[in-house]
Structure formats: structure tokens, C-alpha cells
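Colleague: I am new to this protein. Could you pick one part and take me through it closely?

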Amino acid sequence: MSEGFYKGDTFRSSVDDTWTTPKSFYAKMHAEFNFTLDAAALEDSALCKIYFGPDHINPDMRDALVLDWSEYAPSKTVWLNPPYGRGINAWVAKANEESKKGLTIVCLVPARTDTNWWWDSCIHHEVRFIKGRLKFGDGKNSAPFPSAAIIMKPKG
């Protein structure tokens with residue numbers, strides 16, 4: 001498992017960096033893009049039949065940061081709600097690289113416009129700022145940060 005793919009043994013604890021995708025938000029995006037790969041999921045929260053995740057039953061499907069996403073996305077569209085911790089830079093950089101291989105990748109990320117990862121990997125793509133704050137997973141309260149959807153489409 002790569003450094004930063006969740007936090008290894010603590011990925012299900014309260015100190016993890018996962019923010020389970022809001023289903024209603026995903027449904028709107030899925031209606032537009034028809035995702036066939038969820039690139040960062042847990043078994044109980046995967047939004048596509050094909051997903052990568054640290055608890056995947058198939059060990060070869062556990063580390064999205066080393067896999068070629070285009071081999072697993074029949075529709076050529078990928079959903080990515082990456083872990084939001086310090087490793088997020090590796091995730092958006094990987095998505096940026098995979099989009100250059102002909103994939104459309106929609107990334108749900110915190111709108112952290114003051115970070116290097118935002119400027120290195122996100123700003124060059126379509127950015128959809130989300131009005132208000134999303135409620136992730138089973139949370140009763142909204143997230144303590146604004147969010148954005150980054151639409152990474154193949155160039156050319």
C-alpha cells in the first residue's frame with residue numbers, strides 16, 4: 001500500500017483522512033459523466049462496481065497510485081474522492097497524469113486554492129466550486145471546508 005493511500009491500519013478510525021462521498025452529489029456527477037471506476041474507495045463505500053481501495057478483496061486492486069487507471073475504466077470516466085490528508089497532492093497529481101492518457105476524471109476535493117497541489121494539478125482544468133458546504137458520509141454537520149469538483153479531461 002502506498003504512503004498516503006489512507007492511513008494504513010487506521011483508515012477506519014476517527015483520525016483518518018477519508019470523507020465518504022455525498023451520494024446526492026455523486027448522483028448528479030454520475031448522470032453527467034457515467035463513471036465506471038471509483039479510484040479511491042473502501043469496500044463499503046465504493047460507488048462503482050470497479051474500484052481501487054486498501055481493503056479491496058483483490059490485492060492487485062488496492063493501490064491506485066501505482067495502477068494504470070485506463071485499464072480499469074471501460075467508459076473512460078473515473079470518479080475520485082481522494083483521502084484529504086497530506087497525501088492529497090499525490091492523488092491529484094496521479095489524476096492529472098491519468099487524464100493525459102485519455103481519461104476524464106472528476107475529482108471531489110477541498111477547495112484549498114492556497115496549496116501547491118491545487119496550483120500544480122487542479123487549476124489547469126475545469127473547476128466547479130460547490131455552493132455551500134457538503135455533508136460527507138453519515139455526517140450530521142457540513143464539512144468544515146468548501147469543496148470543488150475538478151473536471152480533468154484529456155487534452156487535444
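Modeller: What follows is a close look at strand 6 and its partners, after a short overview.

This is a predicted model: local features need pLDDT of at least 70, side-chain atom pairs count only at pLDDT 80 or more, and totals for chains, interfaces and linings use all residues. Residues are numbered from 1 along each chain as its sequence is written, and side-chain values use heavy atoms, with hydrogens and water left out.

Start with the whole chain. The protein chain has 3 helices and 6 strands. Helices (H or I, at least four residues) and strands (E, at least two) are DSSP runs, numbered from the N terminus. Along the sequence, the pattern reads α-β-β-β-α-β-α-β-β. The protein chain has 156 residues, and 51% of them are buried. Buried means under 20% relative accessible area, exposed means over 50%, and partly exposed lies in between (1.4 Å probe, protein chains only). The protein chain exposes about 8100 Å². Carbon and sulfur atoms supply 50% of that area. The area comes from the Shrake-Rupley method with a 1.4 Å probe; for residues, only the protein chains shown count as cover. Now take contacts, meaning heavy atoms within 4.5 Å. Among contacts with a separation of 6 or more, 65% join residues 24 or more positions apart.

Now to strand 6. Strand 6 spans residues 147-152, and 6 of its 6 residues are buried. In a regular strand the side chains alternate between the two faces of the sheet. Both faces of strand 6 are covered. Ser147, Ala149 and Ile151 are buried on one side. Ala148, Ile150 and Met152 are buried on the other.

Next come the partners. Two strands pair if DSSP finds at least two bridges between them. Strand 4 joins strand 6 through 6 bridges, and the two run antiparallel. In this pairing, isoleucine 105 stands opposite methionine 152. Strand 5 (residues 126-129) also runs antiparallel to strand 6, with 4 bridges. Here arginine 128 stands opposite alanine 149.

Look at one residue from each partner. Threonine 104 lies in strand 4, which covers residues 104-110. Threonine 104 counts as buried because its relative accessible area is 15%. Setting aside residues up to four places away in sequence, threonine 104 touches Phe33, Lys76, Thr77, Val78, Ile151, Met152, Lys153 and Pro154. Two of these names, Ile151 and Met152, belong to strand 6.

Valine 127 sits in strand 5. Its relative accessibility is 24%, so valine 127 counts as partly exposed. Beyond four places in sequence, valine 127 contacts Trp118, Cys122, Ala148, Ala149 and Ile150. Valine 127 and alanine 148 are 21 residues apart along the chain. Their C-alpha atoms are separated by 6.7 Å.

One contact of threonine 104 deserves a second look: Lys76. Lysine 76 is in the loop between strand 2 (50-51) and strand 3 (77-80). Its phi is near 65°, a positive value in a residue other than glycine. Lysine 76 is partly exposed, with a relative accessible area of 38%.

Asparagine 34 also has a positive phi, near 55°, and is likewise a residue other than glycine. Asparagine 34 lies in the loop between helix 1 (23-33) and strand 1 (37-38). At 44% relative accessibility, asparagine 34 counts as partly exposed.
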